[in-house]
Structure formats: structure tokens, C-alpha cells
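Colleague: Please take me through this structure one question at a time, and give me the reasoning behind each answer.

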Amino acid sequence: MVIELVHIGFGNILTMNRVIAISPPSSAPIKRVIQESRNKGLLIDMTNGRKTKAVIFTDSGHIVLAALAPETITGRLQIGRGGSVPKLELSDEKVEL
């Protein structure tokens with residue numbers, strides 16, 4: 001297994017193999033998850049005192065706070081793999097689930 005390390009700002013490195021999701025911290029449910037993980041001792045703050053721009057969920061249940069935007073982190077991951085950042089195209093069509 002290859003371990004992919006990505007620089008997430010201010011000298012902090014994260015193993016992307018353990019990452020489940022990356023989200024912005026703006027919604028109320030994400031803010032609640034951050035507070036719950038802080039209370040449980042599962043919060044890792046890698047912002048170095050800067051504003052939190054990304055919340056990273058790991059497979060171990062830990063929550064990592066980063067000062068870089070989710071797009072920047074995924075861009076660095078794609079560049080590390082030798083690829084380009086995928087473009088997301090949105091359409092006006094309704095999708096029924």
C-alpha cells in the first residue's frame with residue numbers, strides 16, 4: 001500500500017489514505033460535529049491559529065481542522081498524483097432519487 005502525504009498548510013502533513021471526506025466548516029451540522037469531536041478528544045486542530053476553511057473526516061473517527069480550502073487540498077492531492085483537478089459541471093436538470 002502506498003501512503004499519500006499531502007501538505008495541508010503551515011508545515012502540517014496529512015495521510016490522505018485515511019481520509020473519508022473533506023468539507024467546508026460553514027454548515028450547522030458540521031459545526032456540531034466539530035464540537036462533539038472536541039468534547040470526545042478526537043479533534044486535531046492543524047490551523048495554527050488561522051481561520052478553519054476545511055474539516056477533514058478520517059476513517060479512525062478523528063476530525064482534522066485545516067486552514068486551507070477543501071479545493072486547495074484536493075488540488076494538491078491531484079498534483080501529487082500527476083493529474084489535474086477534476087472539474088465539476090452542474091446542470092439545471094432535476095434528479096429524482
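**Questions on a predicted model**

Colleague: What is the relative accessible area of Arg-18?
Modeller: Residues are called buried under 20% relative accessible area, exposed over 50% and partly exposed in between (1.4 Å probe, protein chains only). Arg-18 counts as partly exposed because its relative accessible area is 41%.

Colleague: How far should I trust the chain, and what is its mean pLDDT?
Modeller: This is a predicted model, in which local features need pLDDT of at least 70 and side-chain atom pairs count only at pLDDT 80 or more, while totals for chains, interfaces and linings use all residues. Residues are numbered from 1 along each chain as its sequence is written, and side-chain values use heavy atoms, with hydrogens and water left out. In pLDDT, the predictor's confidence in each residue from 0 to 100, 82% of the residues reach 70 or more, and the mean for the protein chain is 86.

Colleague: In what order do the helices and strands follow one another along the sequence?
Modeller: Helices (H or I, at least four residues) and strands (E, at least two) are DSSP runs numbered from the N terminus, and the protein chain has two helices and six strands. Among these elements, helix H2 (residues 70–80) has the lowest mean pLDDT, at 86, whereas strand E6 (residues 63–66) has the highest, at 98. Read along the sequence, the pattern is β-β-β-α-β-β-β-α.

Colleague: Which residue is the partner of Arg-18 in a salt bridge?
Modeller: A salt bridge requires a side-chain nitrogen of Lys or Arg within 4 Å of a carboxyl oxygen of Asp or Glu, and the structure holds one such pair. Side chains of opposite charge can pair when their charged atoms come close. Arg-18 sits in the loop between E2 and E3, and the pair links distant parts of the chain, 41 residues apart, with the other member in the loop between E5 and E6. At 2.7 Å from N to O, the side chain that meets Arg-18 is that of Asp-59.

Colleague: How many residues does the largest nonpolar core have?
Modeller: In soluble globular proteins, nonpolar side chains tend to be buried together. A nonpolar core here is a set of buried Ala, Val, Leu, Ile, Met, Phe, Trp, Tyr and Cys residues joined through side-chain atoms within 4.5 Å. Strand E5 (54–58), E6 and H2 each supply at least two residues of the largest core. Ile-8, Leu-14, Met-16, Ile-56, Val-64, Ala-66 and Ile-73 have the most contacts inside this core, and its number of residues is 13.

Colleague: Which elements are included in what covers the buried residues of H2?
Modeller: The buried residues of H2 are Pro-70, Ile-73, Gly-75 and Leu-77. Contact means heavy atoms within 4.5 Å, and, leaving aside residues up to four places away in sequence, Ile-73 touches Val-6, Ile-8, Met-16, Ile-22, Ala-54, Ile-56, Ala-66 and Leu-68. The cover of the buried residues in H2 includes E1, strand E3 (19–23), E5 and E6.

Colleague: What distance separates the C-alpha atoms of Ile-22 and Ile-56?
Modeller: Ile-22 belongs to strand E3 and counts as partly exposed, because its relative accessibility is 23%. Not counting residues up to four places away in sequence, Ile-22 touches several residues, including Ala-54, Val-55 and Ile-56. Although Ile-22 and Ile-56 are 34 residues apart along the chain, their C-alpha atoms are separated by 4.5 Å.

Colleague: Why does Ser-37 count as buried?
Modeller: Ser-37 lies in helix H1 (residues 28–40), where, residues up to four places away in sequence not being counted, it touches Leu-42, Leu-43 and Ile-63. Ser-37 counts as buried because its relative accessibility is 5%.

Colleague: What is the approximate phi of Asn-48?
Modeller: Asn-48 lies in the loop between strand E4 (43–46) and E5, and it is partly exposed because its relative accessible area is 44%. Asn-48 is not a glycine, yet its phi is positive, at about 55 degrees.

Colleague: Roughly how much accessible area do Met-1, Ile-3, Leu-5 and Ile-13 have together?
Modeller: Ile-13, in strand E2 (residues 13–15), counts as partly exposed because its relative accessibility is 43%. Accessible areas come from the Shrake-Rupley method with a 1.4 Å probe, and for residues only the protein chains shown count as cover. Met-1, Ile-3, Leu-5 and Ile-13 form a nonpolar patch on the surface, with a combined accessible area of about 500 Å².

How values were computed: Patch = residues over 30% accessible without salt bridge, like charges linked within 9 Å, V, L, I, M, F, W, Y side chains within 5 Å.
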